[in-house]
Each structure stands twice: as C-alpha cells, then as structure tokens.
Amino acid sequence: MKALVSPQEKAEWKINKQDFIAELQAKYHVTRLEEITNTKRKYCYEWTIKTDHHFLNGMLDDSLNCVCIETDSVDLGCSFALWTRTFMPDGAEIMLYDEDFINHIYFNKDTDIGQLIKVFR
C-alpha cells in the first residue's frame, strides 16, 4: 500500500512536527528516523516502523500538511493514517488516497478503520 494523507487543496495549517515526531517515537517501534535537510527534497522527515510481521515507511512533507505512507499491510497503513489524522484540524477535509487516485476516501479522526480498509483492499 502506497498512500498519502493530506488535504485535497492547499492548506494554511501545519502539523506540529515536534509533537508529531515525539508521539511517533512514543507510539511506534521506529527503527529509523531521519531529518531531511536537503532542500531539493520535498520532505522534512522520513522513518521506518517495524512490527512483528510488517513495516511502514513514512515521510512528512515539508509543507507540514501531508504524510506519505508505504507499507506491506493495509491494516497498518490505515491505522497509521487515522493516527496521523489526529495532528490535523478537526474541520479540515482530509483524504487518504493512493498515488494513482484510484482508491480514495475523505475521513476524520473518528472514522471507523474498517471504512478505510474496505477502500484499500
């Protein structure tokens, strides 16, 4: 599963990256975390999460309102997307979508994970 969590249109708000990274490290088994300082890249952080049987690679866009996810588990990807959504404003129209925009869904903090999984299975 390769997907993005972001507003559909340009947004003025930003994810607090210090809080996001601190909670990422507290909640997940992060095996790699790297701050990206190369200004030619459009991301400011990238990480790898490992579980017993799965992985998730993620990147925080330098706009601070988009997170890219790549994982071998739809369940882990959707769970991570819901967690990421908690760092975005309640009223913002946020989408989880794949690179080709074939699978997509608007969702909020209390969307049932089953709805997300159904879209991406």
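Serine 73 sits in the loop that joins strand S5 (67–71) to helix H2 (74–85). Keep in mind that this is a predicted model. Is serine 73 buried or exposed? With a relative accessibility of 9%, serine 73 counts as buried, because the cut-off for that word is under 20%. Its side chain reaches over to the backbone nitrogen of leucine 76, at 3.1 Å. Leaving aside residues up to four places away in sequence, serine 73 touches Met1 and His54.

Now for the aromatic rings. The count comes to 9 aromatic pairs. Here are two of them:

| Pair | Centre to centre | Angle between planes | Type |
|---|---|---|---|
| Tyrosine 28 and phenylalanine 80 | 5.3 Å | 55° | tilted |
| Phenylalanine 80 and tryptophan 83 | 5.2 Å | 45° | tilted |

The pair of tyrosine 28 and phenylalanine 80 links distant parts of the chain, 52 residues apart. Tyrosine 28 belongs to the loop between helix H1 (17–27) and strand S2 (30–35), while phenylalanine 80 belongs to helix H2. Phenylalanine 80 and tryptophan 83 are 3 residues apart in helix H2, so about one helical turn separates them.

What about burial? Both tyrosine 28 and phenylalanine 80 are buried. Phenylalanine 80 has a relative accessibility of 0%, and tryptophan 83 is buried too, at 9%.

Which residues form one aromatic cluster? They are Phe20, Tyr28, Trp47, Phe80, Trp83 and Phe87. Tyrosine 28 has a charged visitor as well: lysine 27 lies over the face of its ring, at 5.6 Å from the ring centre.

Terms used
Residues are numbered from 1 along each chain as its sequence is written. This is a predicted model: local features need pLDDT of at least 70, side-chain atom pairs count only at pLDDT 80 or more; totals for chains, interfaces and linings use all residues. Side-chain values use heavy atoms; hydrogens and water are left out. Helices (H or I, at least four residues) and strands (E, at least two) are DSSP runs, numbered from the N terminus. Buried means under 20% relative accessible area, exposed over 50%, partly exposed in between (1.4 Å probe, protein chains only). A polar contact is a pair of N or O atoms within 3.5 Å; within protein, one must be able to donate a hydrogen and the other to accept it, and residues adjacent in sequence count only if both atoms are side-chain atoms. Contact means heavy atoms within 4.5 Å. Rings of Phe, Tyr and Trp (its six-membered ring) pair if their centres lie within 6.5 Å; planes under 30 degrees apart count as stacked, over 60 as edge-to-face and the rest as tilted. A charge sits over a ring if NZ of Lys or CZ of Arg is within 6 Å of the ring centre and within 35 degrees of the ring normal.
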